[in-house]
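Reader: I'd like a close look at one part of this model, and then at how the rest is put together around it. Could you take me through it informally, with the cut-offs spelled out as you go?

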Amino acid sequence: MVDLLIPALDALPAGVQVFMRDDDAGWEDARLLALLDVTQRAGVPIDLAAIPAAIGPALAAELRARIDAAPDLVAVHQHGFTHGNHEAAGRKSEFGAARDAAAQRKDIALGRALLEDWLGARVQPWFTPPWNRCSAALPGVLAGLGFEALSRDRSAQPAQSALPELPVDVDWSRHWREGGAAAVASALVQALRARAADGAPLGLMLHHGAMAREELDCLAGLLAAVARHPRLNWRGMRALLSSLAPCEFHCAPAV
Ligand SMILES: [Zn+2]
């Protein structure tokens, strides 16, 4: 993986800002903590998308301690409510077209309150919808509840949104399933070239629950090799969202 990435990074025409978003905090706690050990050791920030209804007291205490000890390296935001599917047919979604805005608003507010009960003011005001997709109404619902940004897959992002968006580009687990480390590396190279060209941040999505030891070791090796590469600027979502101009979110262009 590193053999492919380093020459590609060296050849990039411009630097790229990168963030890592790990989904489904609340499931597979041991694997989540192993991932946090890897990213914190590498000194690279990670944003956890946490399922409010799945978090328990032990994980909450661990997350509070890690955030307080390293607030620039570990952050948490909301990932749905229960991570349940409400669509009767078609692709799974917790906040898809099957339910109206009022039902969505109720679940998100409940989830938000639950997450704040566990983590207090440490919860970041962004939202990642389960399965990376949501109805067209959801950005407006989130904005009405005080959320400040939305993160989903770049391909799911509409031309206009009621909220700034910080999409992910590379789904580590999907590429790993398809072709292991080589497939992940190839997807990263492709995304790095695209983001170096358009200047938008690159989002790398992880699912710690799917990462066996071999996969985690591969990520650790990658971070050790490229965490300080001059063409990469690893940043947390909070730093990116506070520093980018609105036009860089790829939401509606200002007129
Ligand atoms: Zn998820």
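Author: Let's start with helix α7: its buried residues are Glu-215, Leu-216, Cys-218, Leu-219, Leu-222, Leu-223 and Val-226. Looking down the axis of α7, you'd find these buried residues within an arc of 155°, so they line one face of the helix. The arc is taken from the directions that run from the helix axis to the C-beta atoms. An α-helix has 3.6 residues a turn, so residues three or four places apart point the same way. Turned away from the buried side of α7 is a face with the exposed residues Arg-213, Glu-214 and Ala-224. Here "buried" means under 20% relative accessible area, "exposed" over 50%, and "partly exposed" in between, with a 1.4 Å probe and protein chains only.

A word on what you're looking at: this is a predicted model, where local features need pLDDT of at least 70 and side-chain atom pairs count only at pLDDT 80 or more, while totals for chains, interfaces and linings use all residues. Residues are numbered from 1 along each chain as its sequence is written, and side-chain values use heavy atoms, with hydrogens and water left out. Helices (H or I, at least four residues) and strands (E, at least two) are DSSP runs, numbered from the N terminus.

Back to α7, which covers residues 213-226: with 14 residues at 1.5 Å each, it should span 20 Å, and its end C-alpha atoms are indeed 20 Å apart. That expected span is 1.5 Å times one less than the number of residues. What do the buried residues of α7 pack against? Their partners are α1 (2-10), β1 (16-25), α2 (29-42), α6 (172-198), β7 (202-206) and β8 (232-234). Contact here means heavy atoms within 4.5 Å.

One of those partners, β1, leads us to the metal, since Asp-24 is found in strand β1. Asp-24 (OD), His-79 (NE2) and His-83 (NE2) coordinate the zinc ion at 2.1 Å. Donors are N, O and S atoms within 2.8 Å of the metal (3.2 Å for Na, K and Ca), and because water is not among the atoms, sites may look incomplete. Along the sequence, the spacing of the zinc donors reads D-x54-H-x3-H.

The donor residues are covered. Asp-24 counts as buried at 11% relative accessibility, His-83 is buried at 11% too, and His-79 is buried with a relative accessible area of 1%. For your backbone checks, phi of Asp-24 is near 75°, a positive value in a residue other than glycine. His-83, in the loop between β3 and α4 (101-119), also has a positive phi, near 65°.

Now the strands. β1 and β2 pair in the parallel sense over 4 bridges, and a pair needs at least two DSSP bridges between the strands. Ala-25 has Ala-50 of β2 as its bridge partner. Together, β1, α2 and β2 make a right-handed β-α-β unit. Right-handed means that, with the strands pointing away from the viewer, the path from the first strand over the helix to the second runs clockwise.

Strand β2 (residues 46-50) has 5 of its 5 residues buried. Ile-46, Leu-48 and Ala-50 sit on one side, Asp-47 and Ala-49 on the other, and both faces are covered. In a regular strand the side chains alternate between the two faces of the sheet. Next, β2 pairs in the parallel sense with strand β3 (residues 74-78) over 5 bridges, where Asp-47 partners Ala-75. Helix α3 (residues 57-69) links up with β2 and β3 in another right-handed β-α-β unit.

On we go to strand β4 (residues 123-127), where 5 of the 5 residues are buried, so it is largely enclosed by the rest of the structure. β3 and β4 run parallel and are joined by 2 bridges, with Gln-78 standing opposite Phe-127. From β3 the chain crosses through α4 to β4, a right-handed β-α-β crossover. β4 then pairs in the parallel sense with strand β5 (residues 149-150) over 2 bridges, and Trp-126 stands opposite Ala-149. With helix α5 (residues 138-144), β4 and β5 make a right-handed β-α-β unit.

Last stop: His-86, also found in the loop between β3 and α4. His-86 is partly exposed, with a relative accessible area of 33%. Leaving out residues up to four places away in sequence, His-86 touches Ser-93, Glu-94, Ala-98, Arg-99 and Asp-107.
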